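Here's a quick briefing to read with the structure open beside you. It looks at how the nonpolar cores and a sheet fit together.

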Amino acid sequence: MLLAIFALVLLMNLSLSIHRVKIFSITDSKEHQIDLEANSFGQSVMEEIFYSINRYNELDASYAHLSDVTNSGSRVEYTTFFGDTLYATVGLSGEKLLVHDMDGRQVTVRVYHKSDHNEYVMRVEYQSALNPIW
Amino acid sequence: MSTLLDIVSAVVIAGIIFLLIMNIHATMLESNVENRMMQDLQGMADVTISFIQEEIKRLTEFEEITDSTIRFKNTNNDVITFERVDNALRSYRIFPDNSTLVERFDNVYLRMLRFETVSLPGAPHALLRIRVLCEIENTVDQSATIIAHAQRDVFLRNFYLPRKN
């Protein structure tokens, strides 16, 4: 009788292990997918900002308000092909001396994903320099 | 008699446990294979986008753009075409001296390749949106396929910004 109970417990334990392995595997793949999508989304936002260089004096008006990931009006949103939502914020520094002795502004793009615990977790951060080229 | 029954039942239970352990190993291996396939395919979609992006950055003039093909002139005056042929990505490059270079990338498992211009305020074709969908047969579960998707916008800096003469 004891042996039978032991076997049953072992069987349940093994069954749970199988499910855990499968769940970890799926979660791992999904996280990888989100990382890559966040990477592409961050680059896309940065590319749009590069276009704005021809309106260098209007950078604040275009992007300064995109600084709060928790506020839907202060972030850029993108829904991936698989239905996950990513959020991007844009940070602009003041005028300062950048690399190669050029004056300009430093721009930081951060991409977040909302975790299961409703926390915004940063997945990607890009930094670049903007110079008035005209 | 009861001793015999105990021995037989112990052997049967040991056999069941052995089978279960083997089953777990098989499931873990299958999960690993599936996981690896998904990550590889996602990486493949991302690399395909990056590869096209690097060429698109040097675009100076559109020659033809459909939703699945793009032909353009770059800063070296090469005419470059990207298109999907079956499940492969094909790039076709014509140099200014009319010599050509054709490259075919078969291992990207392309299911879809999309090009779309994106307009921004005051700029009709400021960005080019590239979308890639890769699909591969799932070797673990034959009834399903594994899909990966990547999308990226590229600022057409050489098309848009004034060129120094």
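What follows covers the cores, then the sheet, then the helices packed against it.

Keep in mind that this is a predicted model. Its largest nonpolar core counts 32 residues, and a three-strand open sheet sits in chain B.

**The cores**
- Inside the largest core, the residues with the most contacts are B:L41, B:A45, B:V132 and B:C134.
- Both chains feed this core: α1 (2-51) of chain A gives two or more residues, and so do several elements of chain B, among them α1 (2-56), β7 (123-137) and β8 (145-155).
- The top contributor is α1(B), with seven residues.
- There's also a second, separate core of 16 residues, including A:F41, A:V45, A:I49 and A:L86.
- Back in the largest core, take a look at B:A45: leaving aside residues up to four places away in sequence, B:A45 touches B:V132, B:C134, B:A148, B:H149 and B:A150.

**The sheet**
- The strand order is β6-β7-β8 in chain B, with antiparallel pairing.
- β6 and β8 of chain B are the edge strands with a single partner each, so one side of each has no neighbour in the sheet.
- From one strand to the next, the twist averages 15°.
- Eleven bridges link β7(B) and β8(B), again in the antiparallel sense.
- Across that pairing, B:V132 faces B:A150, which belongs to β8(B).

**Helices on the sheet**
- α1(A) packs on the sheet and touches β6, β7 and β8 of chain B, its direction making about 15° with that of β8(B).
- α1(B) lies across β7 and β8 of chain B, at about 25° to β8(B).

Notes: Residues are numbered from 1 along each chain as its sequence is written. Chains are lettered from A and ligands numbered from 1 in the order in which they are written. This is a predicted model: local features need pLDDT of at least 70, side-chain atom pairs count only at pLDDT 80 or more; totals for chains, interfaces and linings use all residues. A nonpolar core is a set of buried Ala, Val, Leu, Ile, Met, Phe, Trp, Tyr and Cys residues joined through C-beta atoms within 7 Å. A residue is buried if 20 or more other C-beta atoms lie within 10 Å of its own, exposed if 12 or fewer, and partly exposed in between; C-beta atoms are placed from the backbone. Helices (H or I, at least four residues) and strands (E, at least two) are DSSP runs, numbered from the N terminus. Two residues are in contact if their C-beta atoms, placed from the backbone, lie within 7 Å. Two strands pair if DSSP finds at least two bridges between them. Axes are lines fitted to C-alpha atoms, for helices over the stretch in contact, and angles run from 0 to 180 degrees between N-to-C directions.
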